[in-house]
Structure formats: structure tokens, C-alpha cells
Amino acid sequence: MYFETHSHYDFDQYNSDRDELLSRILPQAGISHILNIGTSMKTSRTTLEMAQKYDYVYAALGFHPHNAKDLRYRDLEIIAKMAEDAKVVAIGEIGLDFHYDHSPRDAQRERFKEQLNLAMDLQLPVIIHCRDANEEVYDILANSGAGQAVGGIMHCFSSGAADAQKYLDLGWHIGVGGVVTYKNAPALREVVEITPRHRLVIETDCPYLSPEPNRGQRNDSRNLVHIAEKIAVIWGITCEEVAEITTQNAKRLFGIN
């Protein structure tokens with residue numbers, strides 16, 4: 001059984017078959033838990049609605065750095081109220097994205113810090129987005145103490161082993177997705193090698209980043225098996241053992257029995 005720690009099933013790419021996927025196809029494929037991720041106020045609401053509809057779906061609420069410019073203080077109050085629902089198990093995805101700069105960098109920094117503080121106030125783990133901003137993300141996390149206070153996941157980790165170790169030392173989990181199956185990703189496979197087994201989780205980031213052999217197609221949680229197969233080779237264990245280890249890691253992090 002697999003725990004999907006990062007999905008976006010409320011996105012438009014699933015409008016034609018969302019209920020069929022979530023109600024039948026994914027459970028039959030061995031997906032036992034799904035964490036759907038908010039990226040704005042709108043998607044945080046749709047994520048919570050989805051979690052309330054499907055027993056095995058859980059919610060993370062937050063503003064992606066792309067949408068940092070849209071976050072207002074009252075939104076933090078709304079998210080805090082929404083987080084009273086038992087199906088809300090994390091804040092995210094939050095962080096910095098200096099690749100696209102869809103929001104001004106100063107706004108990204110401030111909204112990132114505000115949402116980290118919210119997570120610590122609510123005692124919820126955090127889903128971290130980091131693209132082309134590794135040094136600043138690390139500094140903000142190190143200064144916040146959030147890794148030790150509430151923990152969370154470095155989502156879709158894309159740096160090398162040395163950076164992974166720095167985040168591990170702060171208390172974070174490493175989220176590994178479909179990129180680990182790509183031929184041009186030896187650095188990520190090295191990250192898997194050095195990450196303690198109790199600190200790694202798997203994710204698809206669907207509908208994006210399908211692994212081999214389905215690269216370029218719409219992604220969904222059935223592809224977790226291909227990620228687990230690659231990790232199994234790196235760790236020298238079975239795919240089933242990877243599924244069990246990563247599922248237990250996610251359940252422990254999010255306080256799910």
C-alpha cells in the first residue's frame with residue numbers, strides 16, 4: 001500500500017475522471033492514503049472539500065510561492081479556522097520559487113515566514129517548495145526552528161546530497177518523486193542513498209512529473225510504484241518494503257493511525 005504525499009487532484013487536468021480515479025481506480029491500485037496540496041485560497045478550499053468527501057484523502061492548506069502576492073492576513077485566519085478540521089494534516093505547499101518569480105521575491109519571503117509561523121502555532125507539519133532558492137530557503141528554515149518544532153517534507157527535492165544532509169540535520173523529511181527515475185538525475189539517486197530510511201517519503205506531484213516509463217503523460221498516484229521500484233534498487237530491498245517504509249514514515253509525520 002502506498003501513501004501519496006503530494007498530489008493536486010483538484011486541478012483541471014482531472015475534471016473528466018476525478019471521481020472515478022479517487023473513488024475506485026486509485027484504491028484498487030493499492031493507494032491507501034493521499035495528501036492533496038493547497039496552493040492558494042481557492043485550491044485550499046477545494047482540497048479540504050475533497051478530503052471531506054473521500055475517507056483516504058487528507059489536506060494540506062497554504063499558498064504556493066507563485067501565489068504569495070495574493071495572500072492577505074485574513075487568509076491566514078481563514079486557513080487557521082479551516083485547519084480545525086481533522087482531515088487537515090499539514091500546511092503547504094509554501095516556500096520560495098526564484099525560477100519563475102510569479103510573485104515578487106520580497107512577498108515570497110514574507111509569506112513563507114508567516115505561513116511557517118502559522119504551522120508552528122497550529123502544530124502542523126509543513127510541505128516546502130524550493131526552486132532556485134536553496135540558500136534562502138535553508139536560512140529561513142534554520143532560523144525558524146520549524147524542522148524540530150513541527151517537521152515536514154522538502155517536496156520534490158532537487159538539490160544534491162550535501163544539501164539534503166543539511167535539511168535532514170534540521171529535522172526535515174525528503175520527498176522523492178518521478179525525477180528519480182530519469183536518466184539525467186544521478187544526484188537525486190545519491191540523495192536517496194544517503195537519506196535514512198525513516199526520513200524519506202514518496203510523491204508524484206501529479207498531474208506533473210510522471211516517472212519513466214510514463215514520462216510526458218498526465219501523472220497520477222498509480223505511478224508511485226515506479227518511484228518505489230527505483231528506490232528499492234538503490235536501497236537493495238523490495239518494492240513492497242519501500243512502500244511499507246514510506247507509508248509508515250508519512251503516517252507518523254502526519255499523525256495518521
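Helices (H or I, at least four residues) and strands (E, at least two) are DSSP runs, numbered from the N terminus. This is a predicted model: local features need pLDDT of at least 70, side-chain atom pairs count only at pLDDT 80 or more, and totals for chains, interfaces and linings use all residues. Residue numbers start from 1 along each chain as its sequence is written, and side-chain values use heavy atoms, without hydrogens and water.

**Exercise 1. Helix α5**

Task: State which residues of α5 are buried, and find what they pack against.

Solution.
Step 1. Set the cut-offs: buried means under 20% relative accessible area, exposed over 50%, and partly exposed in between (1.4 Å probe, protein chains only).
Step 2. Take α5, residues 134-144. Its buried residues are N134, V137, Y138, I140 and L141.
Step 3. Look down the axis. The buried residues cover an arc of only 165 degrees, so they sit on the same side of α5. The arc is that of the directions from the helix axis to the C-beta atoms.
Step 4. Turn to the other side of α5: E135 and N143 are exposed there.
Step 5. List the partners, where contact means heavy atoms within 4.5 Å. The buried residues pack against β4 (88-97), α4, β5 (126-131), α6 (146-149), β6 (152-154) and α7 (161-170).
Step 6. Check the end of the helix. Just after α5, G145 has a positive phi of about 75 degrees.

**Exercise 2. Helix α1**

Task: Repeat the analysis for α1, residues 18-28.

Solution.
Step 1. L21, L22 and L26 are buried in α1.
Step 2. Down the axis of α1, these buried residues fall within an arc of 85 degrees, so they line one face of the helix.
Step 3. Recall the helix geometry. An α-helix has 3.6 residues a turn, so residues three or four places apart point the same way.
Step 4. The cover over the buried residues of α1 includes β2 (31-37), α2 (41-53) and β3 (57-61).
Step 5. Just after α1 comes G30, with a positive phi of about 90 degrees.

**Exercise 3. Three helix pairs**

Task: Describe how α3 packs with α4, α4 with α5 and α9 with α10.

Solution.
Step 1. Fix the method. Axes are lines fitted to C-alpha atoms, for helices over the stretch in contact, and angles run from 0 to 180 degrees between N-to-C directions. Angles under 35 degrees count as roughly parallel, over 145 as roughly antiparallel, 65 to 115 as roughly perpendicular and the rest as oblique. A crossing is left-handed if the near helix is turned anticlockwise from the far one by less than a right angle, and right-handed if clockwise. For residue classes, Ala, Val, Leu, Ile, Met, Phe, Trp, Tyr, Cys and Pro count as nonpolar, Asp, Glu, Lys and Arg as charged, and the others, Gly among them, as polar.
Step 2. α3 (residues 73-82) and α4 (residues 105-122) pack at about 30 degrees, with axes 11 Å apart. They are therefore roughly parallel. Their crossing is right-handed. L76, I79 and A80 of α3 touch E114, Q115, L118 and L122 of α4. By class, this contact has five nonpolar, one polar and one charged residues.
Step 3. The axes of α4 and α5 come within 11 Å and cross at roughly 35 degrees. This crossing is right-handed too. R109, F112, K113, L116 and M120 in α4 meet E136, V137, I140, L141 and S144 in α5. The class count is six nonpolar, one polar and three charged residues.
Step 4. The axes of α9 and α10 (residues 239-254) come within 8 Å and cross at roughly 105 degrees. The two helices are therefore roughly perpendicular. V225, A228, E229, I231, A232 and W235 in α9 meet C239, V242 and I245 in α10. Here the classes are eight nonpolar, no polar and one charged residues.

**Exercise 4. Backbone features**

Task: Locate the cis peptide bonds at E93 and P207, then the positive phi values of D101 and D205.

Solution.
Step 1. G92 and E93 are joined by a cis peptide bond, with omega about 5 degrees. E93 lies in strand β4.
Step 2. The bond from C206 to P207 is also cis, with omega near 20 degrees. P207 is in the loop between β8 (200-202) and α9 (224-235).
Step 3. D101, not a glycine, has a positive phi near 55 degrees. D101 sits in the loop between β4 and α4, and is partly exposed at 32% relative accessible area.
Step 4. D205 has a positive phi of about 60 degrees, although it is not a glycine. D205 is in the loop between β8 and α9. At 10% relative accessibility, D205 counts as buried.
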